Amino acid sequence: IRSDTRGDIVIRPFTPNDADAVGRLVDADYLNDTDRASSLYAINRGLHLPVGQSTDWRATLVAELDGRVIGAGSSRSLPMSRLSRTHVIIAASHRRQGVGTRLYRDVASLVRADGRTPIASIAAREALAFRFASSCGMQPLMRSRQLTLDLTSWAVERWCTHATRSPSPYTLVPSANVTPDVLFGALGAAYHYMHERWSDVQTGSVAQYRDTWSG
């Protein structure tokens, strides 16, 4: 991977006018059944295309050539943490030319300037992405297996039937029947449990959890 020094490629902040071009970049690589099932498509689209009001720290830069967006680099803070999920995507015809390296270095410098650490989610099939991340100084933190279920399968149906008929100390109730403090407190506790083994995630107050997940 070589650093791009070409003067005809401009790295600049994302504007709303770039949304269609950036969306096409994400769709070209991640709009498939596997990445939709694993949430990777939604994660990367949400990273590069900010929507609605949010208190999250975030930054998105684009690479432009002759008035066309050929790449994007984005980062967004993880809740209750100083980590920031980061992703770089380049049009297929412009890869292996150093554009991604420039984008990553620029967006990562913004992340670190805010006192955060960039991290990435990479699918196992993205071997080149692992090499790219390694060249940028990243190291693996964890591996997460994603499972998909065929809800029409007789085996799944039998398991669900058995689970719902078996005696249990737990009762399933609509979330509307639970007070907000209990609901968001449980969300925050579960989030902390899932992330504390590999990140610097902090516990927070119910009010902080409500601000984070009420949307």
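**Buried positions, core, pocket and ring contacts in a predicted model**

M138 is buried, its relative accessible area being 19%, where buried denotes under 20% relative accessible area, exposed over 50% and partly exposed the range in between (1.4 Å probe, protein chains only). This residue, M138, lies in the loop between α5 and α6 (154-165), and its C-alpha is 7.6 Å in space from that of I119, with the two positions 19 residues apart in sequence numbering. The structure is a predicted model, in which local features need pLDDT of at least 70 and side-chain atom pairs count only at pLDDT 80 or more, whereas totals for chains, interfaces and linings use all residues. Residues are numbered from 1 along each chain as its sequence is written, and side-chain values use heavy atoms, with hydrogens and water left out.

The protein chain contains eight helices and five strands, taken as DSSP runs (helices H or I of at least four residues, strands E of at least two) and numbered from the N terminus. Their order along the sequence is β-α-α-α-β-β-β-α-β-α-α-α-α. The C-alpha trace spans about 70 × 40 × 35 Å along its principal axes, and 34% of the 215 residues are buried.

The largest nonpolar core, defined as a set of buried Ala, Val, Leu, Ile, Met, Phe, Trp, Tyr and Cys residues joined through side-chain atoms within 4.5 Å, has 15 residues, and V22, Y30, V62 and V69 have the most contacts inside it. At least two residues of this core are supplied by each of α1, α3 (40-48) and β3 (68-77), with α1 giving the largest share, five residues. Helix α1 also holds V26, which is buried with a relative accessible area of 1%.

The second largest pocket encloses about 650 Å³ of space. Its 30 lining residues include V88, I89, L128, A129 and F132 as the closest to the centre, and the elements that give two or more residues to the lining are α1 (19-30), β4 (83-90), α4 (99-113) and α5 (127-135). On a 1 Å grid over the protein atoms alone, a pocket is an open set of points where a 1.4 Å probe fits, with protein on both sides within 12 Å along at least five of seven lines, and lining residues have an atom within 4 Å of a point; points are joined across faces, edges and corners, and the volume is the space filled by probe spheres set on them. The lining divides into 16 nonpolar, eight polar and six charged residues, with Ala, Val, Leu, Ile, Met, Phe, Trp, Tyr, Cys and Pro counted as nonpolar, Asp, Glu, Lys and Arg as charged, and the others, Gly among them, as polar.

Three aromatic pairs are found, a pair being two rings of Phe, Tyr or Trp (its six-membered ring) with centres within 6.5 Å, called stacked if the planes are under 30 degrees apart, edge-to-face if over 60 and tilted otherwise. Y104 and F132 form an edge-to-face pair, 6.3 Å centre to centre with 85 degrees between the planes, which links helix α4 to helix α5 across 28 residues; both Y104 and F132 are buried. Ring pairs also join Y191, Y209 and W213 into a cluster.

Positive phi values occur at D66, near 55 degrees, and at M80, about 60 degrees. D66, in the loop between β2 (58-65) and β3, is exposed at 67% relative accessibility, whereas M80, in the loop between β3 and β4, is buried at 17%.
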